[in-house]
Amino acid sequence: MMEYTLIKSRRKTISLEVRGDELIVRAPKRTTKREADDFVKKHEAWIIKKRGQIAERKATEQAVPKLSEEELRALAQLAKKVIPERVAYYARIMDAHYGRITLRCQKTRWGSCSAKKNLNFNILLLLTPPEVLDSVVVHELCHLFEMNHSARFYERVYAVYPEYDRWNRWLKENGNLIMARAGNR
């Protein structure tokens, strides 16, 4: 039997989450240990496949050439020019008003928008196609109007950037390799 962490909550279904070597089973409060065990057994092949995919992705990420400190500084300098220009361009189109723009080299996020209307962007976006950068900028600017990912939020995104799905998919498929270039900073 595979080891797992069981997290019970007010949910209606059982689900699995694989995080590296860790397996998490999320289940309704009334779920018994036996039901959780049976669920894990039933999905053992999927768990093994998922763990293999994660291991393969990590190996690929480790093989990616890392950026030097000098390259990162140059990227940050370029980001200071390019990203605010793209934000200003789309903000005019959307009649959006924002606070500060912060640029960082991040490991897990491409952008974010705070409740105070401050925008944050990852400098690594400059290693993606320009359309990806624009899709992230539009996404974060739309959060100035809708601080969620509701249907209304996405209606707004698509109204400004109809190709959003294409470039968001590109980022999901390739983003981990780009973030891996920053190394363990």
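Let me start with disulfides: a search of the whole structure finds zero. A disulfide here is a pair of cysteine sulfur atoms within 2.5 Å. Take cysteine 142, which is in no disulfide. The nearest cysteine sulfur belongs to cysteine 113, and that is 10 Å away. Is cysteine 142 buried or exposed? At 0% relative accessibility, cysteine 142 is buried. Cysteine 105 is partly exposed, at 34%. The cut-offs: buried is under 20% relative accessible area, exposed is over 50%, and partly exposed is in between, using a 1.4 Å probe and protein chains only.

A word on the model. It is predicted: local features need pLDDT of at least 70, side-chain atom pairs count only at pLDDT 80 or more, and totals for chains, interfaces and linings use all residues. Residues are numbered from 1 along each chain as its sequence is written, and side-chain values use heavy atoms, with hydrogens and water left out.

Next, the core. In soluble globular proteins, nonpolar side chains tend to be buried together. By definition, a nonpolar core is a set of buried Ala, Val, Leu, Ile, Met, Phe, Trp, Tyr and Cys residues joined through side-chain atoms within 4.5 Å. The largest one here has 35 residues. Which of them touch the most other members? Those are Trp110, Phe121, Leu124 and Leu141. Five elements each supply at least two residues of this core: α3, β6 (119-122), α4 (130-142), α5 and α6. The largest share, eight residues, comes from α3. Helices are DSSP runs of H or I with at least four residues, strands are runs of E with at least two, and both are numbered from the N terminus.

Apart from this core lies another, of 11 residues. Tyr4, Val25, Val40 and Ile54 are among them.

Back to phenylalanine 121. Contact means heavy atoms within 4.5 Å. Leaving aside neighbours within four places in sequence, phenylalanine 121 is in contact with residues including Ile83, Val87, Trp110, Val136 and Glu140. Serine 112 sits in strand β5, residues 111-113. With the same kind of neighbours left aside, within four places in sequence, serine 112 is in contact with Asn118, Leu119, Asn120 and Glu140. Serine 112 is buried, at 17%.

Now the rings. A pair of aromatic rings is described by the distance of the centres and the angle of the planes. Rings of Phe, Tyr and Trp (its six-membered ring) pair if their centres lie within 6.5 Å; planes under 30 degrees apart are stacked, over 60 edge-to-face, and the rest tilted. How many aromatic pairs does a search of the whole structure find? Six. In one of these, tyrosine 90 and tyrosine 161 meet edge-to-face, 6.2 Å centre to centre, with 75 degrees between the planes. Tyrosine 90 is in helix α3 (residues 69-94) and tyrosine 161 is in the loop between α5 (151-160) and α6 (164-180), so this pair ties together parts 71 residues apart in sequence. Tyrosine 90 is buried at 7%, and tyrosine 161 is buried at 9%.

Tyrosine 158 and tyrosine 164 have ring centres 6.1 Å apart and planes at 70 degrees, so they are edge-to-face too. Tyrosine 158 is partly exposed at 31%, whereas tyrosine 164 is buried at 4%. Ring pairs link Phe153, Tyr154, Tyr158 and Tyr164 into a cluster.

Charges sit over rings as well. The rule: NZ of Lys or CZ of Arg is within 6 Å of the ring centre and within 35 degrees of the ring normal. Arginine 86 lies over the face of tyrosine 89, 4.8 Å from the ring centre. Arginine 156 has its charged end over the ring of phenylalanine 145, 4.0 Å from the centre.

Last, salt bridges. These need a side-chain nitrogen of Lys or Arg within 4 Å of a carboxyl oxygen of Asp or Glu. The count comes to eight. Aspartate 37 and lysine 33 form one, at 2.9 Å, N to O. They are four residues apart in helix α1 (residues 33-42), about one helical turn. Aspartate 37 is buried at 18%, but lysine 33 is exposed at 52%. Arginine 152 and glutamate 146 also form a salt bridge, at 2.9 Å, N to O. Here arginine 152 is exposed at 56%, and glutamate 146 is buried at 10%. Finally, Glu17, Arg19 and Arg26 are linked in a network of salt bridges.
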